[in-house]
Amino acid sequence: IRCWSNIPFITVPLSRAHGKSFAHRSELKHAKRIVVKLGSAVVTRGDECGLALGRLASIVEQVSMLQNQGREMMIVTSGAVAFGKQRLRHEILLSQSVRQALHSGQSQLKDMAIPVLEARACAAAGQSGLMALYEAMFTQYSICAAQILVTNLDFHDEQKRRNLNGTLHELLRMNIVPIINTNDAVVPPPEPNSDLQGVNVISVKDNDSLAARLAVEMKTDLLIVLSDVEGLFDSPPGSDDAKLIDIFYPGDQQSVTFGTKSRVGMGGMEAKVKAALWALQGGTSVVIANGTHPKISGHVITDIVEGKKVGTFFSEVKPAGPTVEQQAEMARAGGRTLAALQPEQRAEIIYRLADLLTDQREEILLANKKDLEEAENKGRLALPLLKRLSLSTSKLNSLAIGLRQIAASSQDSVGRVIRRTRIAKDLDLEQVTVPIGVLLVIFESRPDCLPQVSALAIASGNGLLLKGGKEAAHSNQILHHLTQEALSIHGVRDAVQLVNTREEVEDLCRLDKLIDLIIPRGSSQLVRNIQKAAKGIPVMGHSEGICHVYVDTDASVEKVTRIIRDSKCEYPAACNALETLLIHRDLLRTPLFDQIIDMLRVEQVKIHAGPKFASYLTFSPSEVKSLRTEYGDLECCIEVVDSVQEAVEHIHKYGSSHTDVIITENEKTAEFFLQHVDSACVFWNASTRFSDGYRFGLGAEVGISTSRIHARGPVGIEGLLTTKWLLRGDNHVVSDFSEHGSMKYLHESLPLPQRNAN
């Protein structure tokens, strides 16, 4: 804890030897000394007259938060000219209105012209007001700010350089935020072709070059340049096919076409890139980002420091492999080629992958052993997750069997005609199945998920991006290598990509122009995080697996304990495991109830009592904290209901629409339960654990969906397909079907073909 002005605040451990810039975004959180450069377009209003006060307040708040973490923040700001222009215009209008009133006797101001205002005069009039505004804003966070005005000459004079350096260091030592600006009231015109003449020389001709020069002089860890564009694009923003460059490397500027400069300010994007590269060469990391976008400006600075994928990051370390954006594009192109293959060819790829899982068993298990040893040594994984991480010969054999099921059932999945309609004579319409596009599957501690999901993507003709947990890195690597080997037999190796870069899941969820569907496989927390982070991309999955088993009065004694034991104890960490056991009130204090309790005790299942169940007991187990709990372990809740109707109502109120079961011999009661429970899977006299793609005969699943749109329950090949409409005509136009036209709509249903040969 540090204290300043009697205000305590938390500091973060920050230490780094200056001299080399950060190689990856994830390292930016270690930045100690940071310069934030605010471009004219960020600070000024859209009319270029006056300041954008809301934006400026948000920036001050973010800088204050970072300062209070123990970082050393500096601001290079524009805005004096705009603020001065606003003040001078007001004064001129006031002066003109007085003169006009004296000379004409009237106060009509319609024809008054505002003269062109000289920038230096505007800067002189605006600098004091701009600084007063900053001081007032920083005061709200108990932070002191200090103004420093500089010119290019201050950096050429060695004594002035040392004085400036000493002043800035002293201000930072006292926890004061320096606010630096070029002294536009006296600054001379920039000298042409005078900057970037070497590592130690950059001409201060705008605030971009000032920020870069200052960052290097002060051995700054990070320079954040905020402008009115998202970052650096490979062609002028707004032009067709312009793409944001996530990471920019020295030497890449030849591949970039620069557009015009910002609506205000001295420098354009080319000036920013030159300044950024100069700072990077001097050991300072740089990010260029948008400081004006209303959705992100409130947290753009803190997001950058946290390492989130915002703007363009300048790095000297070029990764060996493709970026995740390039991988997504490769997956899309590969997926389209995959969809164009014959069904037999796609099936052949999956059969080959199934063979490789058994043929390369030793290599797979060896890689998996490395993952298990590393996980155990680090001690980070709970026992259920270690079990999920583990592969075995029997698991690989089961995987191979499941893959062969997928191959056999995929023969007519893509391009299958599901509806044919004759719209009119010689005008036929077909609805056919097609792949969704590019899938992003994020999974934890489940290396067996990789070949399963890959096979389903191949069968459905989808491109696939896979993001596995680092705890399964070795296993995922070899399984992905085998998948690409299988894909290579028909030249579609790139259709399935494994993301190995340091991409955060939240950043992947923002690639809405590259990814069509996200499928999370893992904990309920992972699913919730992805659903929250996904920006414009649909997420297929379930955030919780709160599965119920209802024991009716007419339940069979032989079936009850078997089904409950299997549902809860066979694999308690699974999303389809029993979490809440509903007992009909009439079964309390019966031999059947005693058998259920005894079985749970033998299996070491911890019991939590629901409110009604607890009310029937003198000494009850611990009362449940919430009836909406997914335990994922040998724990469950027991609650009492008065009827099947109350059981259904309880499930609707506290369940997650995953899987729910009734145990009864009364067919009428069972059918009522099956028809009225609104869940993805509803069973009668069967374990909740049957809610699984392999057990359903789908071969495998990409997950279980509790969504009500598109796919529900275990999602196999069918859930990874959508449709498109094909209309075949012969010179048909809509005007022919008007009231006095020559054609009439028929809308006749046509028989479906047995199998689509295409």
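I take a contact to mean heavy atoms within 4.5 Å, and on that footing I looked up how far along the sequence the contacts of this chain reach. Among contacts with a separation of 6 or more, 74% join residues that lie 24 or more positions apart. I note at the outset that the model is predicted.

**Entry: the chain as a whole.** I counted 23 helices and 26 strands in the secondary structure of the chain. The chain has 758 residues, of which 51% count as buried.

**Entry: Gln-67.** I then turned to Gln-67, which I found in helix 2, a helix made of residues 53-67. Its relative accessible area is 1%, and because buried means under 20%, I enter Gln-67 as buried. I also looked for a partner of this side chain, and found that it reaches the backbone nitrogen of Met-73 at 3.0 Å.

**Entry: helix 7.** For helix 7, residues 207-217, I wanted to know how much of the helix is covered, and I found that ten of its eleven residues are buried, so helix 7 is largely enclosed by the rest of the structure. The buried residues include the charged-group names Asp-208, Arg-213 and Glu-217, and I also list Asn-207, Ser-209, Leu-210, Ala-211, Ala-212, Leu-214 and Ala-215 as buried. Following helix 7, I came to Lys-219, whose phi is positive, near 50°.

**Entry: helix 11 against helix 16.** Two packed helices are described by the angle between their axes and the distance between the axes, and I looked up both values for this pair. The axes of helix 11 (residues 343-359) and helix 16 (residues 473-487) come within 8 Å and cross at roughly 140°. That angle makes helix 11 oblique to helix 16, since over 145 would be needed for roughly antiparallel. I record the crossing of these two helices as right-handed. On the side of helix 11 I found Ile-349, Arg-352, Leu-353, Leu-356 and Leu-357, which meet Leu-479, Leu-482, Thr-483, Glu-485, Ala-486 and Leu-487 of helix 16. Sorted by class, the contact of helix 11 with helix 16 holds eight nonpolar, one polar and two charged residues.

**Entry: helix 12 against helix 14.** I repeated the look-up for helix 12 (residues 361-378) and helix 14 (residues 393-409), whose axes come within 11 Å and cross at roughly 125°. With that angle, helix 12 is oblique to helix 14, and the crossing is right-handed. The residues that make the contact are Arg-361, Ile-364 and Leu-365 from helix 12, together with Thr-393, Leu-396 and Asn-397 from helix 14. I class three residues of this contact as nonpolar, two as polar and one as charged.

**Entry: Gly-741.** I located Gly-741 in the loop that runs between strand 25 (721-728) and strand 26 (748-749). Its relative accessibility is 23%, so I count Gly-741 as partly exposed. When neighbours within four places in sequence are left aside, I find Gly-741 in contact with Ser-735 and Asp-736.

**Entry: Pro-753.** Last, I looked at Pro-753, which sits in the segment after strand 26 and is partly exposed, with a relative accessible area of 38%. I compared its place in sequence with its place in space: Pro-753 and Arg-419 are 334 residues apart in sequence, and their C-alpha atoms are 9.7 Å apart. Not counting residues up to four places away in sequence, I find that Pro-753 touches Val-417 and Arg-420.

Terms used
Residues are numbered from 1 along each chain as its sequence is written. This is a predicted model: local features need pLDDT of at least 70, side-chain atom pairs count only at pLDDT 80 or more; totals for chains, interfaces and linings use all residues. Side-chain values use heavy atoms; hydrogens and water are left out. Helices (H or I, at least four residues) and strands (E, at least two) are DSSP runs, numbered from the N terminus. Buried means under 20% relative accessible area, exposed over 50%, partly exposed in between (1.4 Å probe, protein chains only). A polar contact is a pair of N or O atoms within 3.5 Å; within protein, one must be able to donate a hydrogen and the other to accept it, and residues adjacent in sequence count only if both atoms are side-chain atoms. Axes are lines fitted to C-alpha atoms, for helices over the stretch in contact, and angles run from 0 to 180 degrees between N-to-C directions. Angles under 35 degrees count as roughly parallel, over 145 as roughly antiparallel, 65 to 115 as roughly perpendicular and the rest as oblique. A crossing is left-handed if the near helix is turned anticlockwise from the far one by less than a right angle, and right-handed if clockwise.
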